[in-house]
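Q: Please take a close look at one buried loop residue and its surroundings, and then work outwards to the helix packing and the less usual backbone geometry. I would like a careful, connected account.

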Amino acid sequence: MEKDVDGSTKENELGGGSNNGGNGDQWDWTTSFVLFGLWSGLMYYVFFLAPNQIPLTDMYFLKKLLNLKGDDGFQMNEVLVGLWYIMGLWPLVYSMLLLPTARSSKGSIPVWPFLVLSCFGGAYVLIPYFALWKPPPPPVEETELQRLPLNLLESKLTAGITMAAGLGIIFYAGLSSGDVWKEFYQYFRESRFIHAMSIDFSLLSAFAPFWIYNDMTARKWYDKGSWLLPLSVIPFLGPALYLLLRPSIPTVPALSSPTSTEEK
């Protein structure tokens with residue numbers, strides 16, 4: 001009976017780190033199932049149900065946005081150009097949110113491959129990692145903040161440049177005329193490329209408040225920074241403002257290597 005009591009006590013202590021106490025594994029399984037279901041539905045929609053009436057125009061737009069076509073006299077839609085460039089900034093924002101405080105400590109799934117691939121696939125690549133993520137994250141050592149990539153991702157200069165670039169792009173697209181927005185909406189209804197990219201932007205904006213909350217609690221800044229959570233629902237600008245204002249992440253002293261420990 002003593003063994004059973006001790007064993008159950010230890011088990012409860014180990015499983016009590018999650019919000020659900022002993023049901024942490026069940027919660028993780030349920031969340032992963034829902035996220036994988038959402039991801040599967042999105043993939044099916046994008047590849048089989050999304051509008052695809054102008055595939056040749058999609059290729060032309062992509063070449064123009066990648067500067068693979070010279071000046072042929074065609075003026076690109078300003079809203080489309082703004083969306084394209086803001087999508088290029090989202091991977092940096094998510095790297096600053098996920099890499100320090102959303103690394104998985106219970107599994108062997110690293111976050112950096114998903115962040116690299118998100119430069120090409122956006123939220124369609126990140127959602128599988130969200131489903132596989134196992135909190136809490138490992139502690140950040142002091143020496144990690146002195147090396148790439150954390151010294152870059154934790155820099156206020158990086159956050160400031162990201163915020164300024166995002167503001168410029170949003171103002172560029174937002175000040176476009178009504179005819180430009182009507183043209184973009186028409187593209188959204190006809191183009192698979194623009195349709196999928198617009199959904200991607202919406203997904204990245206929708207998931208950002210949760211990861212801001214996660215990052216905020218990991219930095220023990222919820223009491224002072226909770227006023228930023230309502231602002232985090234503002235697409236891109238809310239997360240960028242949080243990254244600019246957040247405090248430094250708590251660190252632990254660098255652990256000694258196994259060799260030195262054995263020698264001692």
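A: Leaving aside residues up to four places away in sequence, Asn 77 touches Val 180, Glu 183, Phe 184 and Tyr 187, in a model that is predicted. Asn 77 sits in the loop between helix 3 (55-65) and helix 4, and its relative accessible area is 3%, which lies under the 20% cut-off, so Asn 77 counts as buried. The side chain of Asn 77 is engaged in two ways: it makes a polar contact with the side chain of Glu 183 at 2.7 Å, and one of its polar atoms lies 3.0 Å from the backbone nitrogen of Leu 80. Glu 183 is therefore both a residue that Asn 77 touches and its partner in a side-chain polar contact.

The same loop, between helix 3 and helix 4, also holds Asn 67, for which the accessibility is quite another matter: Asn 67 has a relative accessible area of 62% and is exposed, whereas Asn 77 is buried. Asn 67 also has a positive phi of about 60°, although it is not a glycine. As background, most residues other than glycine have a negative phi, and most peptide bonds are trans. A further positive phi, near 55°, belongs to Lys 220, again a residue other than glycine. Lys 220 is found in the loop between helix 10 and helix 11 (222-225), and with a relative accessibility of 70% it counts as exposed.

Turning to helix 4 itself, residues 78-101, its packing partner here is helix 10, residues 192-218, with the two axes 10 Å apart and at an angle of about 30°. That angle falls under 35 degrees, so helix 4 and helix 10 are roughly parallel to each other, and their crossing is left-handed. By class, the contact of these two helices has 21 nonpolar residues, with four polar and two charged ones.

A second packed pair is formed by helix 8, residues 156-174, and helix 13, residues 237-245, whose axes come within 8 Å and cross at roughly 155°. With an angle over 145 degrees, helix 8 is therefore roughly antiparallel to helix 13. The crossing of helix 8 and helix 13 is left-handed, as is that of helix 4 and helix 10. On the side of helix 8 the residues that meet helix 13 are Lys 156, Ala 159, Gly 160, Met 163, Gly 166, Leu 167 and Ile 170, and on the side of helix 13 they are Leu 237, Ala 240, Leu 241, Leu 243, Leu 244 and Leu 245. Sorted by class, the residues of this contact are ten nonpolar, two polar and one charged.

Between these stretches of chain, helix 6 (residues 123-132) is mostly covered, with nine of its ten residues buried; among them are Tyr 124, Tyr 129 and Phe 130, along with Pro 128. Two cis peptide bonds complete the account of the backbone. One runs from Pro 135 to Pro 136, with omega near 0°, and Pro 136 lies in the loop between helix 6 and strand 1 (140-141). The other runs from Leu 148 to Pro 149, with omega near 5°, and Pro 149 is found in the loop between strand 1 and helix 7 (150-153).

Conventions. Residues are numbered from 1 along each chain as its sequence is written. This is a predicted model: local features need pLDDT of at least 70, side-chain atom pairs count only at pLDDT 80 or more; totals for chains, interfaces and linings use all residues. Side-chain values use heavy atoms; hydrogens and water are left out. Axes are lines fitted to C-alpha atoms, for helices over the stretch in contact, and angles run from 0 to 180 degrees between N-to-C directions. Helices (H or I, at least four residues) and strands (E, at least two) are DSSP runs, numbered from the N terminus. Angles under 35 degrees count as roughly parallel, over 145 as roughly antiparallel, 65 to 115 as roughly perpendicular and the rest as oblique. A crossing is left-handed if the near helix is turned anticlockwise from the far one by less than a right angle, and right-handed if clockwise. Ala, Val, Leu, Ile, Met, Phe, Trp, Tyr, Cys and Pro count as nonpolar, Asp, Glu, Lys and Arg as charged, and the others, Gly among them, as polar. Buried means under 20% relative accessible area, exposed over 50%, partly exposed in between (1.4 Å probe, protein chains only). A polar contact is a pair of N or O atoms within 3.5 Å; within protein, one must be able to donate a hydrogen and the other to accept it, and residues adjacent in sequence count only if both atoms are side-chain atoms. Contact means heavy atoms within 4.5 Å.
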